[in-house]
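Please open the model in your viewer and keep the selection tool at hand. The tour goes from one selection to the next and says what is found at each.

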There are 2 protein chains.
Amino acid sequence: MRPFADLSRFINPVNVAVVGASARPSSQGARLYENLVRHSQIRGKVYAVNPAYSQIGDAPCWPSIRELPDGDIDVALVIVNASRVMDALLQCVQRKIPYAIVMSSGFSEAGEAGRALEQDIARLCRETGLHVYGPNCPGFVNVRDRIGMTFSPAFRHDLNAGGIGLATQGGGLGRNLLQGLSHGQGVGLWFSAGNEVDLEIPDFIACMAQDPQIKVIGLLMEGIKDGRRLTAALDLARERGKPVVVLKIGHSEAGVRAAQSHTASIAGSAAINSAVFRQFGAIEVDDLDQLLAVTRLLAQGAPKPGSGLCIYTFSGGTAALATDIAGLANLPMAAFSAQTNAALKSLLPDFANISNPVDTTADILRDQDAANECLRVICNDPGVGAVLFPIPMDYGEVTDGIAQSIIDVSRSTATPIIPVWMSRRMGGGFQLLEQHGLQPFLSVSGAIAALSRIWPESGAPSGPAAEHDAGGAAPQAGETAGRLQLSEAQSKALLRQAGFPLPANEVAASAGQAAAAAARIGFPVVMKIVSPDIAHKTESGGVRLGIRTEDAAAEAFDGICAAVARAAPGARIEGVLVEAMLPAGGREVLVGVHRDAAFGLVLTFGLGGIFVETLRDVAHRMIPLQREDARSLLRDIRNAAILEGVRGQPSADLAALEDLILQVSAFAERHADTLLELELNPVWLGPAGQGAIALDALIVATGPLQAPAMPEKEANP
Amino acid sequence: MRPFADLSRFINPVNVAVVGASARPSSQGARLYENLVRHSQIRGKVYAVNPAYSQIGDAPCWPSIRELPDGDIDVALVIVNASRVMDALLQCVQRKIPYAIVMSSGFSEAGEAGRALEQDIARLCRETGLHVYGPNCPGFVNVRDRIGMTFSPAFRHDLNAGGIGLATQGGGLGRNLLQGLSHGQGVGLWFSAGNEVDLEIPDFIACMAQDPQIKVIGLLMEGIKDGRRLTAALDLARERGKPVVVLKIGHSEAGVRAAQSHTASIAGSAAINSAVFRQFGAIEVDDLDQLLAVTRLLAQGAPKPGSGLCIYTFSGGTAALATDIAGLANLPMAAFSAQTNAALKSLLPDFANISNPVDTTADILRDQDAANECLRVICNDPGVGAVLFPIPMDYGEVTDGIAQSIIDVSRSTATPIIPVWMSRRMGGGFQLLEQHGLQPFLSVSGAIAALSRIWPESGAPSGPAAEHDAGGAAPQAGETAGRLQLSEAQSKALLRQAGFPLPANEVAASAGQAAAAAARIGFPVVMKIVSPDIAHKTESGGVRLGIRTEDAAAEAFDGICAAVARAAPGARIEGVLVEAMLPAGGREVLVGVHRDAAFGLVLTFGLGGIFVETLRDVAHRMIPLQREDARSLLRDIRNAAILEGVRGQPSADLAALEDLILQVSAFAERHADTLLELELNPVWLGPAGQGAIALDALIVATGPLQAPAMPEKEANP
């Protein structure tokens, strides 16, 4: 791997030469020269080079680099026609100028001839050790030392120096970042090296990683030339404790070649880029405003591990909204110390919410001192890593006061206070915050998205596993007040009467009955415990699959009873269900109904079996459903493709599944007064034409369900 | 279901009474009265009612409703102490006043006594037909007819009337929306009924659905009292062609009770709310700024079905960024007509991108007429449903000109032009757009998120299925220039030499050899075709599972050869692989390696078997991996819970899986010069202690891989 360039003399040169300096107003050569002599603080000399002039303004101008007076020159800035660039670079080599910035365009971006010129430059660099920055670039800006080796007329306004280092590809968008960092956390160095024929992003990352004044590195990337150099530079940054935030533009997957393995075809280049950024500790963002926001937050310092977010506002709805959004992003919420709680209690009115989220109510806005004290108390709580302060409306003087309060308290605490200006009316309070470098976020979700990128404990919710534990602690089965739970056998009997497709089955009370039942049903069979006290039959040893002989059925009966007696001593055993076993190759889905507090009975469809809890891939509809609802419901789950068949598999029997869903909807509607829960899981779903059959069933109701006099399927043809 | 209230006299009353009108400056009673007499255009009379005054200003004040002069009164506005509200309402009933707005607080939000008061009011409404709006609310605003039945001092500024109807719960945040709609698309009616003791959200939706001037309905909801009334109102709105946009606050899942069925426990109330909104055609959004943005876009009209988005900008990086974000959101991109292409070609420089996304380059900014014409041509293309115009920087006069151009062209076209002001410097151009009602979005992702909510064809990408088709069209196997694909048998032989855990197997060349091999290996076995010409063995009939006898093995040999000959005539058959079959109960995962253009060899891990293409649940790491990388990789997939075990299932053998991943990484590193792809899929992953065994293997390389002299496992202990 090519070593990283040492850029120390480049970023803060003593003497520089401007090749192509011009006296023609507003030409690039004039603006570049002007930026250096008028707006920069170059420690040494700025030499103008141009055969067309003998002087520019009052300063002398030399015809060529070769003819410059003796003395070290650190950087040559080249802004001449592309065809004359190579000659200038050769003169740099002769004069031992270590770095050249080539701003001229007309290289690989312009076609074949330009590409050849770039190859010549690259070869020169390899052979001589000259370092070239560019070509086709706007230059380099060192904001903190006031050095603008750029022709940009905006350089004179780049006054807000700070600890953020930027490297951007595709010059244009970098200016957006500078505009966003013009107050508050500012920029130290900004690299934008155009076609990157020699010096490239990894060199700039490495330089900034080793620069003691740079705290955070922001990258805007369009392409990755050398992945190994990039990851080595990211490694260096991680080693030096410099967070790297990256926005990678160009997610198009079009370039993925036809490949034999799944591995190559499912791993698009964007996914690989993201995985590598993650592997090397870089924080990836999706949009320019997030790049700005996350970089700025990190420049203030990441929240300490173990701390939580405090949401602080004076409006209940805003507190609820922000808490929702933070919850979805899995941001940890701070728990206050007893001291904080006591202090808040004394400062806030009785009806305020003094836990987190804090809703001070609007009353406090009348008393600026109390408002400041309240915010200060929260910032001083050791468990608070940052305070999110959403301001829902522009209230004129009132919100001006809030802004001032945030500014005042921010001065006395290390805990970041992060204002969110939610109103489109961006009045005095907004301007005040901007000017004091506390740029408000403009939406709660924008702020939370940025915070979730930097908070040590946030990330994808660990939901399924955690929620499963809660499910495991649910009461075991049975009959409680106003809540009758039918056993699998009872549920299936009722559903069979109602015309549902179920496997043939019988309840056996002895090993002998089990063997006889199995013979009648036909092998193979599955056998399952029948007990009002056992909700999770498999875990209790109450299920045996693939029984192929009468002897095996008799043995399974005894084995099941013994296992259940061990696993759940005292459980009432009402027999063992012997049931036909469906052929392999079916998919497993779930169809269920439960009662929602607001909407009444709601039907749930999704992937079944073990996938219910792991994938949680379900969709819902209010009951009753029309056929069109059932049809669209099947396609609402994320992994609908599993039903449609992949890699030559046939489609599942979607028509039968639709029928089953409509049958469940009709059944639930008929029993709407008493039904609490109905679940068919798994439903065996065969290939097209082979049906959908409920393998397990569970019914919970407020009381007995009235079975109709006749099979409902026939009653309702 | 309670019928929807007829609110026609409520929203535009002739005569109103203000009960609690006050002369005390800046009291709520004074502000309410002032809003009505000074800032509203009430067609009839505004009666002040308050026993403390005989007149307020120059107008008379009556001691009670009872003593008001004869004549119809449409609405009584009540702003007296909670304890005196009931008396006022009784007088309303006596005077046959059909509607009362109770603004007073001190009801259910204040505790038990207040809750009892509310129950009394509800009973009065049921028994008498009186309609009550409130209590504890800021009132009602009819912007278009200038009627402010509210004490809010901001009402006088609510001047921008339009076709948006709002109903908000939790008064505070509604004002945010009004501030956001103060230019451009404006508000017609704004309901905010506090505790909703009688009139509630569904009544307001129904009223606005039937109001010919309301085009779009925006809802901000905190709770759902009566799901059936809500869905009936949503149905009515859909019937009348009024889009409904809803932000539902309060996603907390804490209220879900312990439930027996999965259905109830996985269906959180937020998921049910979302499903119902979707079922009834309402568009749900996540944040307040999105509620505003989507409502405003819809007020301009949804894009016509079949149309696409045009991205139009003058910066290449911005075009790429916006195209990425639109692509991820699955927004359809417009294809230009030949006429548009020709016009753009004549207007734009050669190096501009005249396909979609359009990058005019910055050159066009110098010629305002050409810029306008270019934008106009695009807006007139029938395939363009909307134009997204991201403006990356504030360039002073230049961006002022762009803003003016957007304003000018917008006047002459029905196609919405949607500006995005990406810079934090919100100068003249930004202000100009705001003032002309073309409020720019503040980030590209915000704009795309809003557009994806309203675009008829967007939604979740249908990726997996589509990409599978592409995979299916991949070339069939074999050896092409610089690309050697090993058969399963060859791949496994090489991997076995390298010490990988594989099932015992032999290649048989005849039915007799197959039977003998199966007997040596032990039953059951699986048998698979060996052919350099067959990539997808299952689809070609080249795989048989669960073979339990020597006879069956011999029969399977013949069957496989016959099936493959039918499916792929002419395919070279090198034999049939006879392999030990692993016990049921294992999970299937994939471990693969491929070569990325930027990062070299990258390892992919994920769920295997049929889930590779449906779930696409994979994660990646650059090779080589350390043990810590392997460990974290397992947890990077979305459904890591499947490996850890759910519902009493034991955990998978994660230690063996880590070893296998490290073994793959080491193998790939060793063969880095030649290896192109390596895929183990499925890998059988047993319960803890039972190992991870590759059931299928595929290797693609640029040439032969050198097997080491000794088994690598032993060489590298």
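Where is the place of A:N35? Select A:N35 in this predicted model, and you will find that its place is in helix α2 of chain A, which covers residues 28-37. With a relative accessibility of 1%, A:N35 counts as buried, because the limit for that class is under 20%. Now add A:T150 to the selection, since a polar atom of the side chain of A:N35 lies 2.7 Å from the backbone oxygen of A:T150. If neighbours within four places in sequence are left aside, A:N35 is in contact with A:S40, A:G148, A:T150, A:F151, A:S152 and A:F155.

Go next to chain B and select helix α2 there, residues 28-37. Which residues of this helix are buried? They are B:G29, B:A30, B:L32, B:Y33, B:N35 and B:L36. To see what covers these buried residues, show the strands of chain B that include β1 (16-19), β2 (46-49), β3 (55-56), β4 (59-62), β5 (75-78) and β9 (147-150).

Return to chain A for a pair of helices, and select α12 (residues 338-347) together with α13 (residues 368-380). Their axes are 10 Å apart, and the two helices of chain A pack at an angle of about 170 degrees, which means that α12(A) is roughly antiparallel to α13(A). The residues of this contact divide into seven nonpolar, one polar and one charged. On the side of α12(A), display A:T340, A:A343, A:L344 and A:L347, which meet A:A370, A:E373, A:C374, A:V377 and A:I378 in α13(A).

Staying in chain A, select A:D696, whose place is in the loop between β29 (692-694) and β30 (697-701). Is A:D696 buried or exposed? Its relative accessible area is 18%, and A:D696 is therefore classed as buried. The side chain of A:D696 makes a polar contact, at 3.2 Å, with the side chain of A:K537. Apart from neighbours within four places in sequence, the residues in contact with A:D696 are A:E488, A:K492, A:K528, A:K537, A:E679, A:L680, A:N681 and A:P682.

The last stops concern salt bridges, of which a search of the whole structure finds 62 over all chains. Side chains of opposite charge can pair when their charged atoms come close. In chain B, select B:R520 and B:E506, which form a salt bridge with their closest N and O atoms 2.7 Å apart. This pair links distant parts of the chain, as B:R520 is in helix α19 (residues 511-521) and B:E506 is in strand β21 (residues 505-508), 14 residues apart. B:R520 is exposed, with a relative accessible area of 58%, whereas B:E506, at 24% relative accessibility, counts as partly exposed.

Move on to B:D533 and B:R572, whose side chains meet in a salt bridge of 2.9 Å, N to O. Here too distant parts of the chain are linked: B:D533 is in the loop between β22 (525-530) and β23 (543-547), B:R572 is in the loop between α20 (550-567) and β24 (575-580), and the two are 39 residues apart. B:D533 is partly exposed, with a relative accessible area of 23%.

To finish, select A:R2, A:D198, A:E200, A:D203, A:K225 and A:R229 together, which salt bridges that share partners join into one network.

How values were computed:
Residues are numbered from 1 along each chain as its sequence is written. Chains are lettered from A and ligands numbered from 1 in the order in which they are written. This is a predicted model: local features need pLDDT of at least 70, side-chain atom pairs count only at pLDDT 80 or more; totals for chains, interfaces and linings use all residues. Side-chain values use heavy atoms; hydrogens and water are left out. Axes are lines fitted to C-alpha atoms, for helices over the stretch in contact, and angles run from 0 to 180 degrees between N-to-C directions. Helices (H or I, at least four residues) and strands (E, at least two) are DSSP runs, numbered from the N terminus. Angles under 35 degrees count as roughly parallel, over 145 as roughly antiparallel, 65 to 115 as roughly perpendicular and the rest as oblique. Contact means heavy atoms within 4.5 Å. Ala, Val, Leu, Ile, Met, Phe, Trp, Tyr, Cys and Pro count as nonpolar, Asp, Glu, Lys and Arg as charged, and the others, Gly among them, as polar. A salt bridge is a side-chain nitrogen of Lys or Arg within 4 Å of a carboxyl oxygen of Asp or Glu. Buried means under 20% relative accessible area, exposed over 50%, partly exposed in between (1.4 Å probe, protein chains only). A polar contact is a pair of N or O atoms within 3.5 Å; within protein, one must be able to donate a hydrogen and the other to accept it, and residues adjacent in sequence count only if both atoms are side-chain atoms.
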